[in-house]
Amino acid sequence: MSGTLVLVRHGQSEWNLKNLFTGWKDPDLTDQGRAEALAGAKALAETGIKFDIAFTSNLIRAQNTCQIILDEIGQSDLETVKDEAINERDYGDLAGLNKDDARKKWGEEQVHIWRRSYDVPPPGGESLKDTGARVWPYYLTDILPRVLRGEKVLVAAHGNSLRALIMILDRMSKEEILKLNLATGVPIVYTLNPDSTVADKAVLGDMSSAH
Ligand SMILES: O=C(O)[C@@H](CO)OP(=O)(O)O
């Protein structure tokens, strides 16, 4: 039996708006972020999906995105598991710094490498590889078994914890992952085969503005 895995990056946060590296810091959604989560929820509602369980991180921007989606599709009280395993990548010493100021200080290319490369960690923080080393085991033990049972599973998380997951689901190379950016609030709907490979992938919205 094939199940459904829906991944959604949280809506714009207060620190996204201020263009600050965020990582494990815990700012809430902005009004725009709430609107993005709602737009994603409406797109999901149109598919008629009803979830069996939701997973989110221990950060408020992902939790609130998750709840906005569940409220909109009439599943406000759905079982929701919160776990730091799917938190954003830890940005270490960069957390709280303005991204443009960082580009001025260290150069455009170095900042891009810290933000998007596979295995170069920002100072004191996690690389995407490090992030995947906690996201992937959690996916295998806690999330995937539910999908393989035929359930419909929502995962509301973060740009880089989801990039780590998508890299493996989509079998992307270290070069390809450099270019992957996720838009806030746009659901990605995976249908998985019984052997856990991807049978189908649909993006319910516009990813082109992501950077
Ligand atoms: O600051 C962060 O935690 C992330 C996500 O907003 O930023 P980036 O997209 O630069 O990896």
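Guide: Two residues are in contact if their C-beta atoms, placed from the backbone, lie within 7 Å. Let us keep that in hand while we walk through this predicted model.

Visitor: Before the details, what does the chain average in pLDDT?

Guide: In general, predicted coordinates should not be read in detail where pLDDT is low. Here the chain averages a pLDDT of 97, and 100% of the residues score at least 70. The model's ipTM and pTM are 0.97 and 0.97.

Visitor: Let's try a helix, then. Which residues of α5 are buried?

Guide: A residue is called buried if 20 or more other C-beta atoms lie within 10 Å of its own, and exposed if 12 or fewer do. In α5, which runs over residues 108–116, Val111, Trp114 and Arg115 are buried. Looking down the axis of α5, you find its buried residues within an arc of 95°, so they line one face of the helix. Glu109 and His112, on the other side of α5, are exposed.

Visitor: And what covers the buried residues of α5?

Guide: The cover includes α4, residues 99–106.

Visitor: Arg115 caught my eye. Which residues surround the ligand?

Guide: Arg115 is one of them; the others are Asn16, Phe21, Thr22, Gly23, Glu88, Tyr91, Gly159 and Asn160. Sorted by class, this shell holds 2 nonpolar, 5 polar and 2 charged residues.

Visitor: Now for annotations. Which residues does the UniProt "active site" annotation cover?

Guide: According to the unreviewed UniProt entry, "active site" covers His10 and Glu88. These two span 79 residues in sequence, yet their C-alpha atoms are no more than 10.4 Å apart, so they gather at one spot.

Visitor: Where is the place of His10, and what does His10 touch?

Guide: His10 sits in the loop between β1 (4–9) and α1 (14–17). His10 counts as buried because it has 31 C-beta neighbours inside 10 Å. Not counting residues up to four places away in sequence, it touches Leu29, Gly33, Arg61, Ala62, Thr65, Ala156, His158 and Thr184.

Visitor: Is Glu88 buried or exposed?

Guide: Glu88 has 28 other C-beta atoms within 10 Å, so it is buried. Its loop runs between β3 (80–82) and α4. Leaving aside neighbours within four places in sequence, Glu88 has contacts that include Thr22, Gly23, Gly159 and Asn160, and these four are also among the residues around the ligand. Trp24, Leu59, His158 and Ser161 are in contact with Glu88 too.

Visitor: What about a residue in between, such as Asp26: how many other C-beta atoms lie within 10 Å?

Guide: Asp26 has 18 of them, so it is partly exposed. Asp26 lies in the loop between α1 and α2 (31–47), and beyond residues up to four places away in sequence it touches Leu59 and Ile60.

Visitor: My last topic is backbone torsions. Which residue has a positive phi of about 50° although it is not a glycine?

Guide: As background, most residues other than glycine have a negative phi. The one you describe is Arg171, in the loop between α7 (159–169) and α8 (174–177). Arg171 counts as exposed because it has 10 C-beta neighbours inside 10 Å. Asn19 also has a positive value, with phi near 65°. Asn19 is placed in the loop between α1 and α2, and with 12 other C-beta atoms within 10 Å it is exposed.

Key:
Residues numbered from 1 in each chain as written. Predicted model: local features only at pLDDT ≥ 70, side-chain atom pairs only at ≥ 80, totals over all residues. Near = placed C-beta within 6 Å. Nonpolar A, V, L, I, M, F, W, Y, C, P; charged D, E, K, R; others polar. pLDDT = per-residue confidence, 0-100. Helix = DSSP H or I, 4+ residues; strand = E, 2+ residues; numbered from the N terminus. Arc of directions from axis to C-beta. UniProt positions renumbered as here; feature names shortened; annotations may be inferred.
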